[in-house]
Amino acid sequence: KGLYLENATAGIANSTIRNNNNGVYVKGNSSSISNNTISNNTGYAAVIEYPTGTITSPNFNSNTYIGNNPNGIHLVPGAQGDVDRSATLTKDNAPYIVTENINVLSYPGVPTVILTINPGVEMRFNPGFGLNFTTFGGGNVALDAQGTQANPIVMTSNAAVPAPGDWRGLYFSSKTMGSLTHIDHLTIKYAGGQGTGAILIDNVH
């Protein structure tokens, strides 16, 4: 796995991580990975796993990615594709790659689960998958995706030759808190697969 961090709070900076399987693998922690060169790994440049119940997010920024296969950060949600605590995706010099549905959910008694996506983040979805703010668990959820004109947030297909309808798009269920959901300067491309729109809104309150 190259560099493996589990339930840790570490600072990894100014280092070279190369010629491994995955370059960096972080699970359930708030480590900072910055100003590194991550290169020539035969797997993903990095992997972020959000185990069920995690409440922290690693901070990737200002890294250099060269010759990894693929040259991206694999985003792996917890059991059954669930993200059940608030999390943040930070901007780095590689896209986040999504290879299964991400279900943002919350349970009664838990504060609203908010997925925050920082300006400049790019997410690439494998065909057939999407980002869902679901009724599973029965609690409230929200999306805070506020890009800027200079640094928009981009969600697009991970297909080698992208086409309209490649990936599902965004789904907001009746458990989505409209007052806490903010979308600005977000570009969505090649979504709307499986008969949905790029954004599907279902009785948001």
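Start by selecting Thr181, which sits in the loop between strand E20 (169-172) and strand E21 (182-184). Before you go further, keep in mind that this is a predicted model. Is Thr181 buried or exposed? Thr181 counts as buried, because its relative accessibility is 17% and the cut-off for buried is under 20%.

Now show what surrounds Thr181. Leaving aside neighbours within four places in sequence, you'll find Thr181 in contact with Ala142, Leu143, Phe172 and Thr176. Zoom in on Leu143: the side chain of Thr181 reaches the backbone nitrogen of Leu143 at 3.4 Å. If you like checking distances, pick the C-alpha atoms of Thr181 and Gln146, which are 9.7 Å apart in space and 35 residues apart in sequence.

**Hop to Thr176**

One of the contacts of Thr181 is Thr176, so make that your next selection, because Thr176 is buried too, at 1% relative accessibility. Thr176 is also found in the loop between E20 and E21. Which backbone atom lies 3.0 Å from a polar atom of the Thr176 side chain? Look at Ser173: the atom is its backbone oxygen. Beyond four places in sequence, Thr176 is in contact with Phe133, Val141, Thr181, Val204 and His205.

**Follow Val141 to Leu105**

Val141 makes a handy stepping stone: Thr176 is in contact with Val141, and Leu105 touches Val141 as well. Select Leu105 and you're in the loop between E14 and strand E15 (113-117). Leu105 is buried, with a relative accessible area of 2%. Not counting residues up to four places away in sequence, Leu105 also touches Asp82, Val83, Asp84, Val113, Thr134 and Phe136. For another distance check, try the C-alpha atoms of Leu105 and Arg85: they are separated by 7.8 Å, with their positions 20 residues apart along the chain.

**Look inside: the cavity**

Val83 takes you from Leu105, which touches it, to the lining of the largest cavity. Select Tyr50, Leu75, Val83, Ala87, Leu89, Ile102, Val104 and Leu115 together, and you have that lining on screen. Which elements give two or more residues to it? Strand E12 (87-89) and strand E14 (102-104) do. The volume of this cavity is about 60 Å³, and the count of cavities of 30 Å³ or more comes to one. Color the lining by class and you'll see eight nonpolar residues, no polar ones and no charged ones.

**The nonpolar core**

In soluble globular proteins, nonpolar side chains tend to be buried together. Here, the largest nonpolar core has 42 residues. Which of them touch the most other members? Select Phe60, Ile117, Met123, Leu131 and Met155. Then stay on Met123 for a moment. Leaving aside its neighbours within four places in sequence, Met123 is in contact with Leu75, Leu89, Tyr96, Val98, Ile117, Val154, Met155 and Thr156. Leu75 and Leu89 may look familiar, since you selected both in the cavity lining. Apart from the largest core lies another one, of five residues, including Tyr25, Tyr44, Val76 and Ile97.

**Asn68 and a cis peptide bond**

Next, jump to Asn68, in the loop between strand E9 (64-66) and strand E10 (73-76). Asn68 counts as buried, at 8% relative accessibility. Which side chain makes a polar contact of 2.8 Å with the side chain of Asn68? That's Asn41. The Asn68 side chain also reaches the backbone nitrogen of Asn40 at 3.4 Å. Widen the view and, not counting residues up to four places away in sequence, you'll find Asn68 touching Ile38, Ser39, Asn40, Asn41, Gly43 and Ala45.

Slide along to Pro70, which is found in the loop between E9 and E10 as well. Check the peptide bond from Asn69 to Pro70: this bond is cis, with omega near 5°.

**Last stops: two positive phi values**

Select His185, in the loop between E21 and strand E22 (186-188). Its phi is near 50°, a positive value in a residue other than glycine. His185 is partly exposed, with a relative accessible area of 37%.

Finish on Asn203, in the segment after strand E23 (199-201). Phi of Asn203 is near 55°, again positive in a residue other than glycine. Is Asn203 buried or exposed? At 61% relative accessibility, Asn203 counts as exposed.

Definitions and conventions. Residues numbered from 1 in each chain as written. Predicted model: local features only at pLDDT ≥ 70, side-chain atom pairs only at ≥ 80, totals over all residues. Heavy atoms only, no water. 1 Å grid on protein atoms, 1.4 Å probe; cavity = no way out; pocket = protein on both sides within 12 Å on 5 of 7 lines; lining within 4 Å. Points joined across faces, edges and corners; volume = space filled by probe spheres on them. Helix = DSSP H or I, 4+ residues; strand = E, 2+ residues; numbered from the N terminus. Nonpolar A, V, L, I, M, F, W, Y, C, P; charged D, E, K, R; others polar. Buried < 20%, exposed > 50% of the residue type's maximum accessible area, 1.4 Å probe, protein only. Contact = heavy atoms within 4.5 Å. Core = buried A, V, L, I, M, F, W, Y, C linked by side-chain atoms within 4.5 Å. Polar contact = N/O pair within 3.5 Å; in protein donor to acceptor, adjacent residues only side chain to side chain.
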